[in-house]
Amino acid sequence: MGGGHDADQRIAVIEALTKKALWLSNWMIHHANHIRPNVDGVKVGGHQASSASMAAIMAALYFGVLRPEDRVAVKPHASPVFHAIQYLFGKQSLEKIENFRAFGGAQSYPSRTKDTDDVDISTGSVGLGVAFTAFASLIQDYVRAKPWARKDVAEGRMVALVGDAELDEGNVYECLLEGWKHGLRNTWWIIDYNRQSLDGVVREGLYDRIEAIFRAFDWNVVTLKYGALQRAAFAEPGGEKLKSWIDAAPNAIYSALMFRGGAAWRERLLDEIGDQGNVTALINRRSDAQLAELMANLGGHCTQSLLEQFEAAGSDKPTVFIAYTVKGWATPLAGHKDNHAGQMTGTQIDILRKSMNVREGHEWDKFEGMADAAGIERFLATVPFNTSKTRRLSSPAVPTIGPQFVGTGATSTQTAFGKILDAIAKTDSELARRIITTSPDVTVSTNLGTWVNRRNLYANREMVDVFQKESIPSAQKWRFTPEGQHFELGIAEMNLFLALGAAGLSHSLFGERLLPIGTLYDPFISRGADALNYACYQDARFLLVATPSGVSLAGEGGAHQSIASPLIGMAQDGLASFEPAFADELSVIMDWAFDYMQREGDARPDLADWPRDVTGGSVYLRLSTRGIEQPPRTVDKPLADDIIRGAYWLKAPDPSCEVVIAYQGVLASEAIAAAAAIGGDRRNVAILAVTSADRLNAGWHAAQRARMHGDSDARSHIETLLADIPYRAGLVTAIDAHPATLGWLGSVLGHRTITLGVEHFGQTGTVNDLYAHFGIDANAIETAARSLSSGR
Ligand SMILES: Cc1ncc(C[n+]2csc(CCOP(=O)(O)OP(=O)(O)O)c2C)c(N)n1
Ligand SMILES: [Mg+2]
């Protein structure tokens with residue numbers, strides 16, 4: 001940035017806006033905690049010190065450096081500064097910030113879905129927003145490498161504003177490694193290096209570790225240690241002694257002196273480096289307040305240094321800025337080790353208010369106390385980031401192409417998945433073009449291989465398959481090209497969900513629709529569960545295909561056999577889960593999923609609805625490697641509808657029904673065999689095929705809510721299905737997973753129920769061994785059914 005009057009004036013304006021954002025964020029928290037009536041006595045909370053730490057960095061970015069195409073993940077506990085900046089831009093209402101952390105108000109942590117101002121990337125669970133920016137950048141490159149990418153969207157920079165303690169999260173390093181493999185570009189991480197976490201002050205020497213790590217991954221490292229005031233002081237006679245003292249000062253001492261203020265600084269500095277000559281003079285030329293200001297003038301609080309460094313970082317190489325800061329900067333909380341959740345007292349906020357020239361009763365006024373309000377208002381209108389253009393993009397829905405059926409004969413849902421995807425890969429359809437597959441090093445073992453052979457792997461430059469070139473026979477072609485549609489990932493499941501999250505928001509972030517499909521082994525959903533939740537919380541849209549699952553995996557043993565995953569699927573908002581038994585069900589569900597993933601209606605306030613059917617969401621398929629006999633049938637519309645609703649009668653009940661066997665997934669074979677055995681002694685048995693306990697359960701809850709709100713006609717699918725089952729009949733539920741997944745079926749209409757499933761770690765063995773061991777085979781189902789009915 002050039003020098004001169006204009007540049008100085010720009011710095012002065014951004015400094016004034018920094019102070020304003022600092023004030024508003026502190027006031028927002030104070031107001032929420034101490035002024036707004038507290039009806040339940042529960043602490044409201046908010047992070048004044050963490051916000052203050054980032055105020056200058058964020059002001060330099062938002063008011064100076066960011067462009068509309070950039071996308072930002074803000075450190076969760078700097079949410080108040082973000083909302084304050086949006087308020088100054090005119091993109092956040094007074095009502096929302098007055099209601100910070102209240103029902104319907106500005107959110108505690110920036111939220112894409114719940115906030116109404118311009119949040120690009122939600123944050124909250126530390127570390128995830130940081131890594132998300134890397135995957136967003138990789139997805140931006142993926143989209144821009146495609147011939148169909150729109151040309152009117154500029155390439156943006158993905159920016160994470162990072163708390164230094166966020167770097168303790170392992171997923172940060174997982175994404176660094178993955179980013180390096182894929183040639184990560186256009187990514188900035190700005191570390192708020194205040195050397196404090198929640199509990200205290202961090203270990204000495206952390207800086208060197210952080211720097212070495214980023215250099216190892218080929219990032220640019222820019223350190224903002226000293227502000228302009230400090231650099232000027234270092235140039236004074238004796239200045240280099242002051243600099244050495246600062247460099248050697250332990251984090252805890254610096255923080256403690258920061259908290260104690262100018263007089264304490266003077267005493268300590270004179271004690272340790274006072275020489276009765278140059279340094280003493282340097283220190284004594286300054287008042288207590290000036291000395292405190294000098295010592296607080298670290299790089300991360302110096303607008304001039306921030307602008308200089310941000311603007312000098314021109315290349316697309318990923319860059320980390322390590323910005324030295326003080327937690328609680330410019331407030332009475334500065335530097336105190338307990339300041340994370342600490343808040344200013346009424347007296348302290350009053351002192352801050354006066355120092356900001358804000359009159360009582362004018363706390364929320366945007367330009368209160370600012371020297372040149374009109375000039376600042378004019379400046380805000382010219383800020384590049386603050387354009388009227390919507391920064392949230394959209395992309396039309398891609399038409400679905402109908403279920404792709406895959407023949408009959410015994411097969412597993414995992415095999416069928418590969419065939420359905422292969423059938424889609426063969427089509428010249430927009431749908432096929434928009435699919436992006438990804439998998440954490442289990443591409444072949446989850447049956448994505450044929451898809452990859454047809455659609456290739458993605459890389460930003462062409463790479464031949466060496467094995468093919470050397471004429472070594474292999475079923476897999478492993479060719480990388482910019483047009484490729486498979487995004488190869490290393491084993492880290494966190495990265496899978498972060499990648500799905502970024503790809504699943506491509507329409508909104510980059511204006512181009514992607515239909516992401518991620519595959520992994522079902523038990524390892526737990527490894528990435530927080531990132532899965534995060535992706536859903538951001539309303540990213542993807543198809544998660546988890547296979548193999550359950551003890552049906554037999555020989556692989558207990559470390560690979562999933563038990564809880566259907567319950568995760570049921571409980572995870574934004575994720576509709578299915579566990580089909582048959583290939584034709586799977587093809588119907590996948591076709592529906594591609595549509596569901598692209599829905600974006602407003603949820604109607606009508607409580608009878610399962611609102612997700614309008615708003616859409618992501619989909620989870622729990623599949624199996626165990627092949628089972630397929631029913632000879634064609635799926636008509638009513639059956640297809642029921643598959644999507646979550647259940648249908650595989651064997652319909654008649655009025656004398658005594659037992660219903662309800663199964664989900666691969667235990668279909670056991671349910672059918674048990675029913676045949678029981679039917680032999682003329683007990684009247686029906687079989688309920690459950691394809692989605694999740695949707696069935698959600699529909700039931702929606703109907704209950706609707707009836708409580710006066711809609712007495714509301715009936716859910718499961719209530720309709722069970723309506724004709726006599727009250728004295730019993731229910732046996734069976735699933736290769738935790739039995740609670742289906743156990744609730746008995747409470748729908750009050751039928752006696754025995755729930756079969758897996759409650760303990762799996763084992764090695766044959767399928768028959770394991771089904772018998774866990775009591776989920778045909779025998780066990782039959783025994784349970786007999787115990788519920790007397791027979792004839
Ligand atoms: C995954 C996760 N674990 C724990 C927390 C609770 N938490 C919120 S902020 C914080 C410490 C943050 O320290 P730092 O990142 O250095 O930010 P600072 O407040 O110093 O700016 C913790 C532990 C969280 N939000 N997410
Ligand atoms: Mg910190």
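Where is tryptophan 329 found, between which strand and which helix? This predicted model puts tryptophan 329 in the loop that runs between strand E5 (319-324) and helix H15 (346-355). The views below take in that loop residue, the ligand and the chain as a whole.

**View 1. Tryptophan 329 sits buried in its loop.** Here's the loop residue up close. With a relative accessible area of 16%, tryptophan 329 falls under the 20% cut-off, so it counts as buried. Leaving out residues up to four places away in sequence, the ones that tryptophan 329 touches are Thr18, Leu22, Ala52, Ser53, Ala56, Ala296, His301 and Ala334.

**View 2. Tryptophan 329 and leucine 22 come together from 307 residues apart along the chain.** Pick out just this pair from the previous view. Their C-alpha atoms are separated by 9.3 Å, and Leu22 is one of the residues that tryptophan 329 touches.

**View 3. Ligand 1 is surrounded by 18 residues.** The closest of them are Ser50, Lys75, Asp164, Gln196 and Lys327. Sort the shell by residue type and you get nine polar, six charged and three nonpolar residues.

**View 4. Glycine 124, aspartate 164 and alanine 165 each put an atom within a few ångströms of ligand 1.** Start with aspartate 164: an N or O atom in its side chain is 2.5 Å from an oxygen atom of the ligand. For alanine 165, it's a polar backbone atom that lies 2.9 Å from a ligand oxygen. Glycine 124 also uses its backbone, with an N or O atom 3.0 Å from a nitrogen atom of ligand 1. On its own, ligand 1 has 590 Å² of accessible area, and the protein covers 75% of that.

**View 5. Stepping back, the chain comes to 34 helices and 18 strands.** Its radius of gyration is 30 Å, close to the 28 Å from the globule rule for 792 residues, so the chain is as compact as a globular protein of that length. Along the principal axes, the C-alpha trace spans about 105 × 70 × 45 Å.

**View 6. Of the chain's 792 residues, 60% count as buried.** Tryptophan 329 from the opening views is buried too. As for what is left on the outside, the accessible surface of the chain is about 30400 Å², and carbon and sulfur atoms account for 52% of it. Among contacts with a separation of 6 or more, 76% link residues 24 or more positions apart.

Terms used: Residues numbered from 1 in each chain as written. Chains lettered and ligands numbered in written order. Predicted model: local features only at pLDDT ≥ 70, side-chain atom pairs only at ≥ 80, totals over all residues. Heavy atoms only, no water. Near = heavy atom within 4 Å. Polar contact = N/O pair within 3.5 Å; in protein donor to acceptor, adjacent residues only side chain to side chain. Areas by Shrake-Rupley, 256 points an atom, 1.4 Å probe, with all protein chains shown as cover. Nonpolar A, V, L, I, M, F, W, Y, C, P; charged D, E, K, R; others polar. Helix = DSSP H or I, 4+ residues; strand = E, 2+ residues; numbered from the N terminus. Rg over C-alpha atoms; globule rule 2.2 N^0.38 Å. Buried < 20%, exposed > 50% of the residue type's maximum accessible area, 1.4 Å probe, protein only. Contact = heavy atoms within 4.5 Å.
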